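Q: Could you take me through this protein chain step by step, with the terms explained as they come up?

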Amino acid sequence: IVKCKNCELIYINPQPNTIELQKYYPANYYFKSGIMASKIKNFILRKEAEKLKKYINPQSRVLEIGCGTGEFLYALRNIINCEVFGIEPSRFAAEKAKEKFNIHVSSMEIEKMSFPEKYFDLTILKHVLEHLYNPQETLLKLANSIKEGGLLYLWLPIVDNFIVKIFGKYWSEYDVPRHLFTFS
């Protein structure tokens with residue numbers, strides 16, 4: 001793990017190639033087991049969806065990149081009744097989203113996608129940007145696909161927090177080698 005002297009971005013150097021990285025994403029990477037864990041996760045997702053009601057409405061189009069098995073998109077669709085789209089590199093997780101929630105999820109890598117211009121009202125990346133080889137290029141591509149006045153909603157592990165001060169180099173969110181970048 002190194003830090004850029006100019007911008008202070010933290011990243012893995014050298015970065016693993018896509019073939020090397022695949023072994024760190026087993027099929028069950030996207031699943032948390034247990035009924036209680038599932039109930040807690042769904043409660044949190046519903047609360048997050050409720051927060052977004054002030055920004056989107058039933059006419060909104062929402063895209064989630066790295067949507068896993070579609071739980072958050074399902075919560076958004078149920079609470080706001082908006083149109084939802086997902087992208088997920090795991091074919092297994094994408095199929096589960098279709099089976100469980102009837103949500104169409106494209107199973108491919110974001111870097112290979114193209115998007116219609118000014119189409120989405122909200123684009124969500126929850127713990128995704130740090131996994132991408134070229135986050136800046138991805139953000140520029142997504143910015144072009146968001147309508148005027150639309151939102152980009154990011155969830156990121158950031159290094160400027162008290163937990164990092166406690167755990168230092170043992171902070172779990174460095175998550176080497178899956179997290180290629182760590183942001184401040």
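The conversation below covers strands, cores, one helix and salt bridges.

A: This is a predicted model, in which local features need pLDDT of at least 70 and side-chain atom pairs count only at pLDDT 80 or more, while totals for chains, interfaces and linings use all residues. Residues are numbered from 1 along each chain as its sequence is written, and side-chain values use heavy atoms, with hydrogens and water left out.

Q: In which sense do strand 3 and strand 4 pair?

A: Strand 3 (residues 61-65) and strand 4 (residues 83-87) pair in the parallel sense, over 5 bridges. Helices (H or I, at least four residues) and strands (E, at least two) are DSSP runs, numbered from the N terminus. Two strands pair if DSSP finds at least two bridges between them.

Q: What do strand 3, helix 3 and strand 4 make?

A: Together with helix 3 (residues 71-80), the two strands make a right-handed β-α-β unit. Right-handed means that, with the strands pointing away from the viewer, the path from the first strand over the helix to the second runs clockwise.

Q: And which residue stands opposite Arg61?

A: Glu83 in strand 4 stands opposite Arg61. The side chains of Arg61 and Glu83 also meet in a salt bridge (3.7 Å, N to O). The term requires a side-chain nitrogen of Lys or Arg within 4 Å of a carboxyl oxygen of Asp or Glu. Arg61 lies in strand 3 and Glu83 in strand 4, so this pair ties together parts that are 22 residues apart in sequence.

Q: How many salt bridges are there in the whole structure?

A: A search of the whole structure finds 8 salt bridges. One of them joins Lys147 and Asp121, with the closest N and O atoms 3.4 Å apart. Lys147 is in strand 7 and Asp121 in strand 6, so parts that are 26 residues apart in sequence are tied together.

Q: Is Asp121 buried or exposed?

A: Asp121 counts as buried, at 17% relative accessibility. Buried means under 20% relative accessible area, exposed over 50%, and partly exposed in between (1.4 Å probe, protein chains only). Lys147, at 27%, counts as partly exposed.

Q: Changing topic, how many residues has the largest nonpolar core?

A: The largest nonpolar core has 20 residues, and Leu52, Phe72 and Cys82 are among those with the most contacts inside it. Such a core is a set of buried Ala, Val, Leu, Ile, Met, Phe, Trp, Tyr and Cys residues joined through side-chain atoms within 4.5 Å. Helix 3 gives the most to this core, with 5 residues.

Q: What does Cys82 touch?

A: Not counting residues up to four places away in sequence, Cys82 touches Ile56, Asn57, Pro58, Ser60, Val62, Leu76 and Arg77. Contact means heavy atoms within 4.5 Å.

Q: Which residues of helix 5 are buried?

A: In helix 5 (residues 135-145), Pro135, Thr138, Leu142 and Ser145 are buried. They cover an arc of only 80° around the axis, which puts them on the same side of helix 5. The arc is that of the directions from the helix axis to the C-beta atoms. The face turned away from the buried side carries the exposed residues Gln136 and Leu140.

Q: What do those buried residues pack against?

A: The buried residues of helix 5 pack against strand 3, strand 6, strand 7 (146-155) and strand 8 (181-182). In strand 6 is Thr123, which is in contact with residues including Leu63, Leu142 and Leu151. Thr123 counts as buried, at 0% relative accessibility.
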